[in-house]
Amino acid sequence: MRRGPSGPLVPVLLGVVVLLAALSWGASLWTDYLWFGSVGDTGVFTTRLTTQLGLFVLGVIVAGGLVWSSIVIAHRLRPLMVPMTPAEQVLDQYRRAIEPLRRPATIVVPLALGALAATTLSSRWQTFLLWRHAVPFGTKDAQFHLDDGFFVFTLPWLETVVGFLTMAVVMAFLMALFVHYVYGAIHLPGRGPTTRAVFAHLGVLGGLFFLLRAASSWLSRYDVSFDDNGLFTGVRYVDDHAVLPAKAILAVAAVICAVLFLLSIRTQTWRLPLVAVALLVVLSVVVGAIYPAVVQAVRVRPSEQSYEKPYITRAIAATRAAYGLDAVDSRVYNATTDATSPAVAAAASNIPGIRIMDPNVLSPSFRQSEAPRSFYSFPDVLDADRYTVSGKVTDVIVAARELSLAGLPDAQRNWINDHTVYTHGYGVVAAYADKRGAKGDPVPLMTGFTPTDPNGKPYQPQIYFGEESTQYSIVGAPKSAAPHEFDFPSGSGEATTTYAGSGGVPMGSLLRRLAYALKYREPKILLSNAVNGDSRMLDNRTPQERVQKVAPWLTLDGNAYPAIVGGRVQWIIDGYTTTSTYPNSKLVDLGEATSDSVTATSSAVAGLPTGLQVNYIRNSVKATVDAYDGTVRLYAWDAKDPLLKAWSAAFPGTVQPLSAMPGDLLAHVRYPQDLLKVQREVLARYHITDPGAFYNGSDVWAVPKDPTSENSYQPPYYLSIAMPGQAAPAFTLTTTFIPTGGSREILRGFLGADGDAGSTPGTRDPGYGVLRLLTLPSASNVNGPGQVENAIESSTAASQNPDQRLDLRSFINQNRGSGATFTFGNLLTLPVGGGLLYVQPLYVQQSKEAGSKPVNVATVAVFGDKIGWGDTLDQALAGVFGGSAQTTTPTTPTTPTTPTTPTKPGDTSIADAVRRAQTAYDQGQAALKTGDFAAYGQAQDRLAQALADLERLVPGSTSSSSATGGAGATTLPTPSISG
């Protein structure tokens with residue numbers, strides 16, 4: 001049977017595959033370049049590409065050249081005559097089989113091995129750029145007395161180079177050994193002689209290898225500065241007196257091995273090099289492992305605390321500096337638990353408003369009231385921010401109304417709808433953080449589809465770039481074309497629009513459409529008439545994705561949040577510069593440190609990457625992404641950071657100075673949550689500055705578990721508070737500490753990070769970023785969050801709402817067992833009047849079905865052992881600090897809950913009682929506005945007295961809207977307490 005001529009078919013198919021792969025790679029590369037051009041940062045693309053390409057080419061030349069030279073030299077130095085032993089006869093068969101492929105293999109093998117090694121070198125492009133643009137830190141490590149920049153910038157690159165050259169030399173050595181053996185120049189012992197050329201060739205390569213091992217051993221001395229020994233990170237006594245000398249000895253021994261390998265060229269024997277290698281291995285075990293272990297066990301361990309004291313002192317200082325904890329404003333806080341103390345009421349004015357709207361709970365409320373279509377989406381965790389409303393800075397809960405394609409009905413899902421019609425969300429929604437509606441709903445601040453900010457100023461509402469914008473969109477059309485992008489619901493119909501921004505890549509040319517069709521493997525981009533000469537491709541649309549592409553050297557915070565800045569919606573993202581090679585600083589796993597009850601359950605808020613260990617971090621950049629045109633801006637937030645200086649030199653013009661930052665953007669800057677989570681993880685141990693106490697570990701703290709969640713840490717909370725020593729309230733990120741391993745969870749520390757950057761253009765408020773730590777005595781009686789939560793759930797305190805007949809425990813149990821979803825809101829902690837106040841809102845959601853939302857049914861306040869609760873925050877505070885809270889309707893006052901002794905007949909008149917009631921009510925409201933809880937309680941007592949007198953004079957008057965007396969009807973004042 002004859003077989004058809006199939007010879008050319010395989011090469012043709014391979015050629016087609018290679019061509020398609022090249023086209024796809026070229027399309028991806030070109031569209032990336034176009035994307036960077038659309039955001040005005042082509043320099044980032046070209047710098048990264050040329051650096052990676054340059055390192056790759058260099059790696060191929062060096063590694064491939066060494067391998068190629070080994071193959072060529074070994075082949076040229078092959079013996080012309082080889083004794084034909086049985087072993088040589090077998091090798092001769094291999095030589096005959098290899099010979100036809102030898103010449104192409106001489107090129108292909110070095111290129112393949114060189115590319116393998118070069119790929120490793122190219123992947124370290126960031127390490128190279130940092131070395132290339134290194135700047136001094138201006139501080140020196142305590143062990144080697146070198147600038148810290150040597151460890152951060154220079155050492156990693158030197159180790160990269162040594163590791164790469166070692167790989168290349170090993171490959172060259174193995175290839176030389178293989179070729180010499182195949183061509184009979186080298187034999188196994190007892191089976192023939194080894195040629196002089198082999199000794200020369202392998203001797204040189206062996207010498208190079210051990211010289212590189214010597215360099216590696218010497219450089220590894222500095223790596224001891226990053227070793228985590230369990231107690232701390234950095235140089236220990238045993239490292240200083242045993243490990244470092246041992247590494248120096250091993251480096252010298254490796255140099256001796258290199259010399260002996262070179263001497264083998266003359267001695268024509270491997271005996272001395274092999275003996276040297278064996279001795280080096282023994283020396284590595286004895287000097288590198290056994291000797292330090294003996295020193296640790298015999299000398300250090302019996303008196304470890306005294307030996308390690310100076311090294312612990314170094315580690316504490318380095319760690320606190322590396323994590324920005326060296327300037328913490330720390331003070332002892334002898335917290336009182338007496339709710340009746342006058343100091344408590346006197347200091348309560350530092351609290352402008354307590355947040356009772358929990359952003360972790362209220363997303364369903366936003367969805368029900370602000371998402372009239374199923375495809376509108378709000379994040380499952382809302383954001384806390386503040387806006388100036390009528391001249392007053394007000395805490396708010398905020399979210400962007402985005403469009404999620406997953407919410408579109410299946411019948412509407414197609415390429416046209418997904419990528420050209422449903423392209424954007426619409427508007428920002430906000431609610432007051434410290435107010436509740438009559439039914440426990442959030443009180444709206446920005447709502448509906450009227451795009452105005454809290455002060456009535458219009459803004460650009462379309463959200464083309466957002467956290468839900470995970471797919472590409474093709475937008476834009478000729479001016480004569482009818483708008484076809486869905487904009488927002490309008491009555492019974494839909495409003496449409498056409499994108500008119502400058503964002504994205506213009507798609508006017510056929511070549512660009514072809515490139516994107518190849519990139520996304522979608523022929524409709526090339527064929528559909530929905531793509532026209534005025535179309536623009538919007539891709540890489542999430543804020544984190546855009547910032548990460550522009551600044552690949554940043555580690556980004558897990559939560560971007562929207563703010564209205566200059567009439568535009570801007571996403572604000574915090575960027576961190578990090579390293580793991582800062583000497584003597586504690587190593588922290590960012591993923592573990594930033595994990596909490598929010599990141600464990602939320603799809604919108606993520607922690608930092610798990611497995612990424614660092615021992616230095618700075619919030620060096622504040623980044624923004626324009627929600628309409630995708631513009632990315634980076635602002636230098638910590639211009640003193642050496643890492644930021646180096647990256648700014650590597651990518652000039654990418655980061656703008658702080659002076660370019662507008663004031664209305666500064667007004668929305670926050671202290672980043674992930675940074676504080678990392679800092680609190682470190683501070684839990686490194687608040688101890690005495691080396692003896694640090695060693696004993698008797699005062700180590702821990703971050704408390706979230707009492708509203710299972711086995712997850714409590715997240716930090718944003719609050720507007722005034723810390724002790726602070727003149728005015730500031731938007732502060734707060735967290736608490738408890739003892740480690742204690743049988744009873746008491747509060748040991750309270751940390752607040754000032755997040756108010758001011759609103760002066762280009763100028764950061766000097767108070768921003770100040771960390772204030774309140775350290776409670778070890779014998780403190782202040783309960784921690786877990787204990788407080790237990791006390792709330794078991795409390796029999798009566799509600800301050802007289803219509804509520806259940807005590808707190810019964811109220812909670814009844815709502816839990818009613819078939820509805822009962823939720824404990826965030827348990828907030830606030831320093832007040834020398835003590836600590838806990839506040840927790842309670843929510844009930846009747847069902848998880850559409851149309852149901854959580855409502856704030858009660859709020860609980862705890863100070864010491866005193867628990868107060870009621871429908872509103874004011875009632876809860878009144879229950880703690882005294883006075884009688886009144887729950888009323890707009891027309892019907894309620895009977896006071898605290899009975900008072902009525903006055904005798906004739907002591908007062910109806911008009912006088914009404915006047916006193918009105919005056920007491922007005923005084924109570926004024927006291928609430930200033931946070932003076934003592935005055936508020938006294939006013940409530942006077943109001944109760946006046947109402948009791950009125951009840952005596954006109955029986956039933958407190959249950960009616962008017963009282964009759966004298967010449968006619970007198971309207972009773974209607975006191976109310978807003979939460």
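Helices here are DSSP runs of H or I with at least four residues, and strands are runs of E with at least two, both numbered from the N terminus. This is a predicted model, and the protein contains 25 helices and 34 strands. Of its 979 residues, 53% are buried. Among the contacts between residues at least 6 apart in sequence, 69% join residues at least 24 apart.

## Helix pairs

Two packed helices are described by the angle between their axes and the distance between the axes. For helix α7, which spans residues 237-267, and helix α8, which spans residues 271-300, the axes come within 9 Å and cross at roughly 175°. Because an angle over 145 degrees counts as roughly antiparallel, α7 and α8 are roughly antiparallel to each other. Sorted by class, the residues in the contact of α7 with α8 are 23 nonpolar, five polar and one charged.

Helix α2, residues 42-76, meets α4 with another geometry: the axes of α2 and α4 come within 10 Å and cross at roughly 105°. Angles of 65 to 115 degrees count as roughly perpendicular, and α2 is therefore roughly perpendicular to α4. On the α2 side the contact is made by Thr47, Arg48, Thr51, Gln52 and Leu55, and on the α4 side by Trp125, Phe128 and Leu129. By class, this contact of α2 with α4 has four nonpolar, three polar and one charged residues.

## Nonpolar cores

The largest nonpolar core holds 132 residues, of which Tyr323, Trp553 and Leu634 touch the most other members. Helix α5, residues 148-182, supplies the largest share of this core, with eleven residues. Leaving aside residues up to four places away in sequence, leucine 634 touches Val547, Val550, Ala551, Val621, Lys622, Ala623, Thr654, Val655 and Gln656. Apart from this core lies another one of 68 residues, among them Ala339, Ala431, Ala797 and Ala876.

## Buried residues with polar side-chain contacts

Several individual residues can be followed in detail, and the table gives their relative accessibility.

| Residue | Relative accessibility | Class |
|---|---|---|
| Threonine 233 | 1% | buried |
| Arginine 320 | 14% | buried |
| Tyrosine 576 | 0% | buried |
| Histidine 145 | 55% | exposed |
| Arginine 521 | 62% | exposed |

Threonine 233 lies in the loop between α6, residues 196-223, and α7. With 1% relative accessibility threonine 233 counts as buried, because the cut-off for a buried residue is under 20%. A polar atom of the threonine 233 side chain lies 3.3 Å from the backbone nitrogen of leucine 587. Beyond residues up to four places away in sequence, threonine 233 touches Ser225, Phe226, Asp227, Asp228, Ala315, Asn584, Ser585, Lys586, Leu587 and Tyr686.

Arginine 320 is a residue of helix α9, which runs over residues 304-322, and at 14% relative accessibility arginine 320 counts as buried. The side chain of arginine 320 reaches the backbone oxygen of tyrosine 686 at 2.7 Å. Tyrosine 686 thus appears among the residues touched by arginine 320, which, not counting residues up to four places away in sequence, are Leu325, Asp326, Val328, Leu683, Tyr686, His687 and Thr689. The C-alpha atom of arginine 320 is also separated by 7.9 Å from that of serine 585, although these two residues are 265 residues apart along the chain. Both Ser585 and Tyr686 are included in the list of residues that threonine 233 touches.

Tyrosine 576 belongs to strand β17, residues 568-579, and counts as buried at 0% relative accessibility. From tyrosine 576 the side chain reaches the backbone nitrogen of leucine 675 at 3.4 Å. The C-alpha atoms of tyrosine 576 and tyrosine 616 are separated by 9.8 Å, with their positions 40 residues apart along the chain.

## Loop residues with positive phi

Most residues other than glycine have a negative phi. Histidine 145, in the loop between α4 (125-132) and α5, departs from this with a positive phi near 60°. At 55% relative accessibility histidine 145 counts as exposed, because exposed means over 50%.

Arginine 521 also has a positive phi, of about 50°, although this residue is not a glycine. The place of arginine 521 is in the loop between α13 (510-520) and α14 (524-527), and its relative accessibility of 62% means that arginine 521 counts as exposed.

Methods:
Residues are numbered from 1 along each chain as its sequence is written. This is a predicted model: local features need pLDDT of at least 70, side-chain atom pairs count only at pLDDT 80 or more; totals for chains, interfaces and linings use all residues. Side-chain values use heavy atoms; hydrogens and water are left out. Axes are lines fitted to C-alpha atoms, for helices over the stretch in contact, and angles run from 0 to 180 degrees between N-to-C directions. Angles under 35 degrees count as roughly parallel, over 145 as roughly antiparallel, 65 to 115 as roughly perpendicular and the rest as oblique. Ala, Val, Leu, Ile, Met, Phe, Trp, Tyr, Cys and Pro count as nonpolar, Asp, Glu, Lys and Arg as charged, and the others, Gly among them, as polar. Buried means under 20% relative accessible area, exposed over 50%, partly exposed in between (1.4 Å probe, protein chains only). A polar contact is a pair of N or O atoms within 3.5 Å; within protein, one must be able to donate a hydrogen and the other to accept it, and residues adjacent in sequence count only if both atoms are side-chain atoms. Contact means heavy atoms within 4.5 Å. A nonpolar core is a set of buried Ala, Val, Leu, Ile, Met, Phe, Trp, Tyr and Cys residues joined through side-chain atoms within 4.5 Å.
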